[in-house]
Every structure is written in C-alpha cells, then in structure tokens.
Amino acid sequence: MSNNQIIVPLDVADLESAIALVDQLPQVNFWKVGLELFTSSGPKILEVLKSRQKRIFLDLKFHDIPNTVAGACRGAASYGVDLLTIHATAGKDALKAATEAAQEGAAQAGVKPPQLIAITLLTSISSRQLAFDLKVPLELPEYALEMALMAQESGLNGAVCSPQEVAQLRQTCENDFLLVCPGVRPSWADKGDQKRSLTPAQAIQAGADYLVIGRPITAAAQPELAWNQIVEELATVG
C-alpha cells in the first residue's frame with residue numbers, strides 16, 4: 001500500500017482555504033479538486049498544486065451531450081491533471097468523445113493526458129434510492145458493474161465506485177482498469193452521507209487502486225494525526 005493511493009479532497013470554498021489545507025498536510029501527495037473549489041477559484045488551485053509537485057484528481061464529473069463533454073475534456077486535459085471524471089450515464093458516444101478529446105487537449109498543451117475515470121453511481125445513493133427515486137430496475141451492484149463495463153468498452157481508464165462494489169468490478173474488469181473509491185471511512189470516523197462505505201483496509205483488500213478520504217482527515221481536530229493514523233492502519237495491507 002502506497003501513500004500515493006490515498007487522495008485527499010480539497011472540499012473547501014475558496015483558494016485561500018485550499019492552500020492552507022495543503023500547507024497543513026505537506027505529506028499528502030495526491031489531492032482532489034472538485035466542483036465547489038474549481039467553481040470558486042478556477043484553475044489557479046491546479047497551478048498551485050502543480051508548483052508543489054502534487055498529483056491532481058480533477059473531479060468535475062462532466063455530464064452533457066457528446067460535443068460539450070468533448071470540449072470540456074479537451075480543455076481540462078490541458079491542465080496536466082492526473083485523473084479526470086465523467087459520468088458514465090452521459091452514454092457511450094460522450095465517453096468515446098471524451099477519450100479522444102482528452103488526448104487532443106493534452107497533446108496541444110504538451111502535457112501527459114489524464115486518465116479518464118467514469119462515475120458509476122454516486123456513493124451517496126442507496127439501493128432504495130436507485131430503485132424508487134431514480135426508477136432503475138437493476139440491483140445496485142449490477143448497475144454499477146454495467147456502467148463500469150460500458151466505460152471500459154468506450155476506452156476509459158477506470159471507474160469510480162463505492163467500496164462495496166469494488167470487489168465485483170475488480171473480478172470482472174481487467175487489472176489495469178483503475179478503480180477509485182470515495183466514501184471510504186475508517187472505523188473510528190462518522191460515515192456522514194456515505195451510504196455504501198468500507199474501511200480503507202477493506203477497500204484496498206477488495207481491489208481498489210485509489211481511496212478518496214476526505215472528512216475523516218480534513219474535518220478532524222488534528223488532520224495530520226488523522227492522516228498518520230490511516231497510513232499506519234494501511235501499512236500492513238499488501
């Protein structure tokens with residue numbers, strides 16, 4: 001288990017707060033920039049992270065018609081980020097357009113293209129909500145698997161899934177298909193709005209490549225101690 005497999009979200013409202021958190025946790029090498037921060041600060045936070053040699057998960061979850069998704073991925077790829085997300089439910093045409101556009105955008109900017117990661121189903125959604133609110137007739141694990149397989153067939157590099165689906169996806173998808181797990185919660189942390197959670201060790205053992213661990217670290221009274229505790233717990237995982 002490498003510390004580089006733990007991604008910490010910069011789920012804060014502004015650039016100043018984001019920089020303060022990065023300063024507070026210098027040992028974190030991989031940061032997630034999501035909708036809230038990117039909307040408020042724009043690409044400036046990406047420049048800050050790149051200047052500090054940090055890896056970046058740009059989690060904007062693009063979901064639109066193929067042409068618009070392609071344009072967004074082309075632009076996002078020029079930032080030189082490591083991971084970039086798109087909703088699988090945008091459909092095959094959008095997913096294929098995204099892969100081509102990301103390659104183009106990176107080439108034009110002279111940077112390495114991001115690994116495109118599909119969102120299978122938000123980890124805040126339960127089986128009951130999938131069935132009754134979204135009217136999806138499939139069982140949740142089957143639905144997540146279908147979304148991941150569609151993404152893989154469309155040329156994407158991986159998928160985001162809850163820890164509870166990762167074992168099935170790992171068994172079905174190829175080993176080089178990245179599985180990113182948010183909603184990971186240490187046994188000592190509050191689950192909050194995460195409906196399908198496992199501990200970090202359980203998620204890695206199930207086949208996750210990356211863990212996104214936010215509030216247990218960033219909302220802790222002492223974030224550095226929380227980070228160290230999680231790293232120590234994962235040190236024994238092969």
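**Reading strands, helices and contacts**

Colleague: I'm starting at strand 4 (residues 83-87), which pairs with strand 5 in the parallel sense over 5 bridges. When do two strands count as a pair?

Modeller: Two strands pair if DSSP finds at least two bridges between them. In this case isoleucine 86 stands opposite alanine 118 in strand 5. From strand 4 the chain crosses through helix 5 (residues 92-109) to strand 5, and that β-α-β crossover is right-handed. Right-handed means that, with the strands pointing away from the viewer, the path from the first strand over the helix to the second runs clockwise.

Colleague: What sort of model is this?

Modeller: It's a predicted model, where local features need pLDDT of at least 70 and side-chain atom pairs count only at pLDDT 80 or more, while totals for chains, interfaces and linings use all residues. Residues are numbered from 1 along each chain as its sequence is written, and side-chain values use heavy atoms, with hydrogens and water left out.

Colleague: How many helices and strands are in the chain?

Modeller: The chain has 11 helices and 8 strands. They are DSSP runs numbered from the N terminus: helices are H or I with at least four residues, strands are E with at least two. The chain's radius of gyration is 17 Å, close to the 18 Å from the globule rule for 238 residues, so the chain is as compact as a globular protein of that length. That radius is taken over C-alpha atoms, and the rule is 2.2 Å times the number of residues to the power 0.38. Along its principal axes, the C-alpha trace spans about 45 × 40 × 35 Å.

Colleague: How much of the chain is buried?

Modeller: Buried means under 20% relative accessible area, exposed is over 50%, and partly exposed is in between (1.4 Å probe, protein chains only). Buried residues make up 52% of the 238 in the chain. Strand 5 (residues 115-119) is mostly covered, with 4 of its 5 residues buried.

Colleague: Back to isoleucine 86: is it buried or exposed?

Modeller: Isoleucine 86 has 0% relative accessibility, so it counts as buried. Not counting residues up to four places away in sequence, isoleucine 86 touches ten residues' worth of neighbours, among them Lys61, Val69, Ala98 and Leu156. Contact means heavy atoms within 4.5 Å. For a longer span, take serine 51: its C-alpha atom is separated by 26 Å from that of isoleucine 86, and the two residues are 35 apart along the chain.

Colleague: And how far along the sequence do contacts reach in the chain?

Modeller: Among contacts between residues at least 6 apart in sequence, 68% join residues at least 24 apart. Threonine 99, in helix 5, gives you some contacts to look at: leaving out residues up to four places away, threonine 99 touches Leu116, Ser154, Gly155 and Leu156. Threonine 99 counts as buried because its relative accessibility is 16%.

Colleague: Which strand is joined to strand 5 by 3 bridges?

Modeller: That's strand 6, and the two run parallel. Isoleucine 117 stands opposite glycine 158 in strand 6. Strand 6 (residues 158-160) also pairs with strand 7, in the parallel sense and over 3 bridges. The chain goes from strand 6 through helix 8 (residues 163-172) to strand 7, in a right-handed β-α-β crossover. Helix 8 holds glutamate 165, which is buried, with a relative accessible area of 2%. The side chains of glutamate 165 and serine 162 are joined by a polar contact of 2.9 Å.

Colleague: What makes a contact polar?

Modeller: It's a pair of N or O atoms within 3.5 Å; within protein, one must be able to donate a hydrogen and the other to accept it, and residues adjacent in sequence count only if both atoms are side-chain atoms.

Colleague: Which way do the residues of strand 7 point?

Modeller: In a regular strand the side chains alternate between the two faces of the sheet. In strand 7 (residues 178-181), Leu178 and Val180 point one way, Leu179 and Cys181 the other, and all are buried. Strand 7 is also joined by 2 bridges to strand 8 (residues 210-212), running parallel. Cysteine 181 stands opposite leucine 211 in strand 8.

Colleague: Which residue does the UniProt "active site" annotation cover?

Modeller: The annotation, from an unreviewed entry, covers Lys61. UniProt positions use the numbering used here, feature names are shortened, and annotations may be inferred rather than shown by experiment. Lysine 61 lies in strand 3 (residues 55-62) and counts as partly exposed, because its relative accessibility is 24%. The side chain of lysine 61 makes a polar contact of 2.7 Å with the side chain of aspartate 59. Leaving aside neighbours within four places in sequence, lysine 61 is in contact with Thr85, Ile86, His87, Ile119 and Leu122.
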